[in-house]
Amino acid sequence: MTMLHKNTIQGYLRAGLAAMTVCCTACSERPDRYIEEVDPPSGPELRLSPVFTRVAGDCFEIGDKVGVFMFYPEADDGETDGGGDGPYIDNKEFTCRSGSGGGLVWDCGETLRWKDGSTPADFICYHPYSGDAAGKDVLQCRVMSSQSSSKALSDSDILWGSRSRVSPTSEYVELMASHRTGQVIIELVPGKGYDNESLLAAVEGIVLKGAVCSAVLDLRTGELSAAEAESEDIVPFREGLTCRALIPPQIIDTFTICVSVAGMDRSLATSVEIVPGCRAHCTITVNKVSDGMNIGIDGWTDADGDFGGILN
């Protein structure tokens with residue numbers, strides 16, 4: 001059975017099943033019909049943890065939206081515990097809002113309930129929310145090409161999490177979402193002729209070239225991979241002399257870092273593997289010279305090793 005079948009069960013109320021029996025007797029020409037209705041869900045109210053947690057100490061913020069699937073898997077005897085051909089809850093949109101007492105809560109705009117008080121269920125969540133995920137096993141998504149604002153950076157943080165065989169409870173269900181993109185962190189440090197203040201004033205921009213922004217997320221497994229698409233220029237998020245960008249997992253044979261300093265453009269071409277959930281670091285030392293600048297590369301560092309080169 002496909003986990004996220006197109007024949008979905010919307011909201012928290014399952015459609016009532018109807019059975020019709022027609023009885024004819026010799027003394028009446030009108031059939032006697034009756035409808036047997038299935039009772040609505042009798043389980044406790046479904047409540048998701050006030051704030052899903054991300055790995056590496058990151059937190060969700062007010063306004064973030066996630067998609068949630070809840071479904072009842074097959075029992076050991078091959079029968080479905082929850083019944084139906086698709087998710088019990090199919091791509092329900094939850095928004096992070098401010099709750100009572102100043103805390104954060106997840107709100108979907110309605111009350112959800114477990115099917116009953118005894119049947120365990122599975123959960124899947126992902127970020128950012130997309131209405132296109134309903135009834136699908138895979139989701140076409142992307143990171144932003146311009147990640148210069150905090151919102152654009154957050155919207156590029158593709159997350160996925162799951163939890164299996166959760167017993168019905170009136171307590172909060174906790175879900176852990178992990179980063180499925182990789183992160184590139186570029187540190188600009190002052191060299192000869194610069195201090196932090198003067199270098200900060202001299203840096204005019206930075207652009208990353210060679211990465212594919214489009215991606216495919218497998219909603220069943222959480223695997224994210226770069227799509228077969230053209231590469232795009234990425235403008236990273238910049239805080240002082242530190243720049244960050246989120247990129248789908250991929251091997252980039254020619255990854256070019258373009259830095260504009262004091263009206264001079266310089267670039268470094270290297271190769272790098274973007275690994276999900278991993279940070280790749282690149283330290284660039286900027287030296288001030290009479291006719292431009294020299295930039296030394298200290299190298300990439302990720303789970304697989306170091307990358308680097310010299311910028312001429």
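**Exercise 1. An aromatic cluster and its surroundings**

Task: In this predicted model, determine which residues form one aromatic cluster together with Phe69, and describe the strand β5 (65–71).

Solution.
Step 1. Phe69, Tyr126 and Tyr129 make up one aromatic cluster.
Step 2. Consider next the pairing of β5. With strand β8 (residues 121–127), β5 pairs in the antiparallel sense, over five bridges. Within this pairing, Gly67 has Tyr126 in β8 as its bridge partner.
Step 3. Strand β5 also pairs with β6, again in the antiparallel sense and over five bridges. Here the bridge partner of Met70 is Ile89 in β6.
Step 4. Of the seven residues of β5, six are buried, so this strand is largely enclosed by the rest of the structure.
Step 5. A cis peptide bond, with omega about 0°, joins His127 and Pro128. Pro128 belongs to the loop between β8 and β9. For comparison, most peptide bonds are trans.

**Exercise 2. Classifying a ring pair**

Task: State how many aromatic pairs a search of the whole structure finds, and classify the pair formed by Tyr72 and Tyr88.

Solution.
Step 1. The search of the whole structure yields five aromatic pairs.
Step 2. For Tyr72 and Tyr88, the ring centres are 5.3 Å apart and the planes stand at 80°. Two rings pair if their centres lie within 6.5 Å, and planes over 60 degrees apart count as edge-to-face. The pair of Tyr72 and Tyr88 is therefore edge-to-face.
Step 3. Both residues lie in the loop between β5 (65–71) and β6 (89–98), 16 residues apart.
Step 4. Tyr72 and Tyr88 are both buried.

**Exercise 3. Charges over rings**

Task: Identify which ring the charged end of Arg47 sits over, and which ring the charged end of Lys115 sits over.

Solution.
Step 1. The charged end of Arg47 is placed over the ring of Tyr172, at 4.2 Å from its centre.
Step 2. The charged end of Lys115 is placed over the ring of Tyr72, at 5.8 Å from its centre.
Step 3. Tyr72 thus appears in two settings: its ring pairs edge-to-face with that of Tyr88, and the charged end of Lys115 sits over it.

**Exercise 4. The largest pocket**

Task: Give the volume of the largest pocket, and establish which residues and elements line it.

Solution.
Step 1. The volume of the largest pocket is about 420 Å³.
Step 2. The pocket is lined by 20 residues, and those closest to its centre are Arg54, Asp58, Asp157, His179 and Arg244.
Step 3. Sorted by class, the lining consists of seven nonpolar, seven polar and six charged residues.
Step 4. At least two lining residues come from each of α1 (150–155), β13 (182–190) and β19 (242–247). The most is given by α1, with three residues.

**Exercise 5. The partners of β14**

Task: Find which strands pair with β14 (residues 203–211), and over how many bridges.

Solution.
Step 1. Strand β14 is joined by six bridges to strand β20 (residues 250–261), and the two run antiparallel. In this pairing, Lys209 has Thr256 in β20 as its bridge partner.
Step 2. Strand β14 also pairs with strand β17 (residues 232–234), in the antiparallel sense and over two bridges. There, Leu208 stands opposite Ile234 in β17.
Step 3. As background, side chains in a regular strand alternate between the two faces of the sheet.

**Exercise 6. Backbone angles and burial**

Task: Describe phi for Arg165 and for Ala262, and decide whether Val143 and Lys92 are buried or exposed.

Solution.
Step 1. Most residues other than glycine have a negative phi. Arg165, although not a glycine, has a positive phi of about 50°. Arg165 lies in strand β10 (residues 159–166).
Step 2. The relative accessible area of Arg165 is 45%, so Arg165 is partly exposed.
Step 3. Ala262 likewise has a positive phi, near 50°; Ala262 is located in the loop between β20 and β21 (264–274).
Step 4. Buried means under 20% relative accessible area. Val143, with a value of 0%, is therefore buried. Val143 lies in the loop between β9 (138–142) and α1. Its C-alpha atom is separated by 4.3 Å from that of Ser156, 13 residues apart along the chain.
Step 5. Lys92 is in strand β6. With a relative accessible area of 16%, Lys92 is also buried.

Note on methods
Residues numbered from 1 in each chain as written. Predicted model: local features only at pLDDT ≥ 70, side-chain atom pairs only at ≥ 80, totals over all residues. Heavy atoms only, no water. Phe/Tyr/Trp six-rings, centres within 6.5 Å; stacked < 30°, edge-to-face > 60°. Helix = DSSP H or I, 4+ residues; strand = E, 2+ residues; numbered from the N terminus. Buried < 20%, exposed > 50% of the residue type's maximum accessible area, 1.4 Å probe, protein only. Lys NZ or Arg CZ within 6 Å of the ring centre and 35° of its normal. 1 Å grid on protein atoms, 1.4 Å probe; cavity = no way out; pocket = protein on both sides within 12 Å on 5 of 7 lines; lining within 4 Å. Points joined across faces, edges and corners; volume = space filled by probe spheres on them. Nonpolar A, V, L, I, M, F, W, Y, C, P; charged D, E, K, R; others polar. Pairing = 2+ DSSP bridges.
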